Amino acid sequence: MSKAVDDGSPARMLVAAFSMAALLAWSGVHAANGVEIAEGCDNCHGKNGHSTEEDVPSIGGFSEFGIMDLLESYRVGNREARKIRLADGREVDMNMIVQRLSEDDIEAVAVHYASQPWKPHPQEFDAALARRGAAVHDIKCDKCHSEGGSVKDDDLAIMSGQWRKYLEMEFDDFDTGTRKMADKMREKYDTLSAEDKQAIIELYVSAGKY
Ligand code: HEC
Ligand code: HEC
């Protein structure tokens, strides 16, 4: 099973603009500088972590601890990242990127992105389906992902206003087990029907405007 980003996808065209050398420019021995490190990340995640590619998540505006935890889940392998091909033909992914960062680097870059505003992506959505998603979410998910996954201080990924395509890919990864989830989330997640999952994605895509 290939997890590579499709040849013609926008993300691939985007990252083709720079090389591994440019991407890993931060991995020197100097003191951690969040702004400098983030330049490499912004190549994929967009300026200030506001992604312009539908298969790359926005991260600007997540909390510091949220970002550190997400990076940790790549480091320990709870999450198998998707491969992205660079201009020089080499492949890179989040698992590799995280290995290159020291703990100080991770903290510095997390502080940088936590100081950016979260900007929901305006996207089309089905309001009735989003309302159905909200009803399920309130019961099964809101305890951890409060107010429809919109609250920074939950210290998790913000999902309200995230790209639809990215969210669909993560739900698929949870379904196939490529991405592991906390036992307490699994208990709830496994009770969702396929329609529930679609409805919850619709809720997130609506950014609470249903
Ligand atoms: C080559 C492109 C690329 C670069 C460079 C990159 N990322 Fe990512 N990042 C991705 C993709 C694609 C995903 C989501 C899919 C996956 O798991 O592979 C992701 C996921 C993430 C997530 C999880 C977001 C969520 O909602 O769960 C965080 C946090 C993150 N990246 C932070 C960073 C940081 C910090 C840097 C720089 C040190 C960085 N990324 C550099 C492509 C990139
Ligand atoms: C007990 C708390 C808890 C509950 C309940 C819970 N989650 Fe989560 N969820 C988490 C944690 C913790 C993570 C982060 C995992 C990681 O670091 O990769 C997460 C991550 C996610 C992500 C990935 C977001 C991203 O961009 O990285 C999605 C999607 C998600 N949860 C959906 C749901 C849905 C849908 C429900 C309800 C069925 C739910 N969760 C219930 C704790 C919970």
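Helices (H or I, at least four residues) and strands (E, at least two) are DSSP runs, numbered from the N terminus. With that in hand, welcome to this structure, a predicted model in which local features need pLDDT of at least 70, side-chain atom pairs count only at pLDDT 80 or more, and totals for chains, interfaces and linings use all residues. Residues are numbered from 1 along each chain as its sequence is written, while chains are lettered from A and ligands numbered from 1 in the order in which they are written. Below you will meet two ligand shells, a nonpolar core, one helix and two buried residues.

**Around ligand 1**

- H3, H4 and helix H5 (94-99) each bring at least two residues to the shell around ligand 1, and the largest share, six residues, is from H3.
- Among the 25 residues around this ligand, those that come nearest are Cys41, Cys44, Ala81, Arg82 and Ala157; a residue is near a molecule if its C-beta atom, placed from the backbone, lies within 6 Å of it.
- The shell around ligand 1 is made up of 19 nonpolar, three polar and three charged residues. Here Ala, Val, Leu, Ile, Met, Phe, Trp, Tyr, Cys and Pro count as nonpolar, Asp, Glu, Lys and Arg as charged, and the others, Gly among them, as polar.

**Around ligand 2**

- Cys141, Cys144, Ala157, Lys184 and Met185 come nearest to ligand 2, out of 22 residues around it.
- The elements giving two or more residues to this shell are H4 and helix H10 (183-189), and H10 gives the most, with four residues.
- By class, the shell around ligand 2 holds 12 nonpolar, three polar and seven charged residues.
- Domain 1 (10-114) and domain 2 (127-206) both contribute to the shell around ligand 2, so it lies between them; the domain bounds come from an automatic or database domain assignment.

**The largest nonpolar core**

- A nonpolar core is a set of buried Ala, Val, Leu, Ile, Met, Phe, Trp, Tyr and Cys residues joined through C-beta atoms within 7 Å. A residue is buried if 20 or more other C-beta atoms lie within 10 Å of its own, exposed if 12 or fewer, and partly exposed in between, with C-beta atoms placed from the backbone.
- The largest core has 30 residues, of which Phe62, Ile67, Val109, Ala110, Tyr113, Ile200 and Tyr204 touch the most other members.
- Helices H3 (34-45), H4 (64-75), H6 (103-114), H7 (127-140) and H11 (194-206) each supply at least two residues of this core.
- Both domain 1 and domain 2 give residues to the core, so it lies between them.
- Ile67 touches Ile59, Phe62, Ala110, Tyr113 and Ala114, leaving aside residues up to four places away in sequence; two residues are in contact if their C-beta atoms, placed from the backbone, lie within 7 Å.

**A look at helix H3**

- Gly34, Ile37, Ala38, Gly40, Cys41, Cys44 and His45 are the buried residues of H3.
- Seen down the axis of H3, these residues fall within an arc of 150°, so they line one face of the helix; the arc is that of the directions from the helix axis to the C-beta atoms.
- After H3 comes Gly46, with a positive phi near 90°.

**Two buried residues to find**

- Ala199 is found in helix H11 and is buried, with 22 other C-beta atoms within 10 Å.
- Not counting residues up to four places away in sequence, Ala199 touches Leu129, Arg132, Gly133 and Val136.
- Ser63 lies in the loop between H3 and H4, and Ser63 is buried too, with 20 other C-beta atoms within 10 Å.
- Ser63 and Ser115 are 52 residues apart in sequence and 8.2 Å apart in space, C-alpha to C-alpha.
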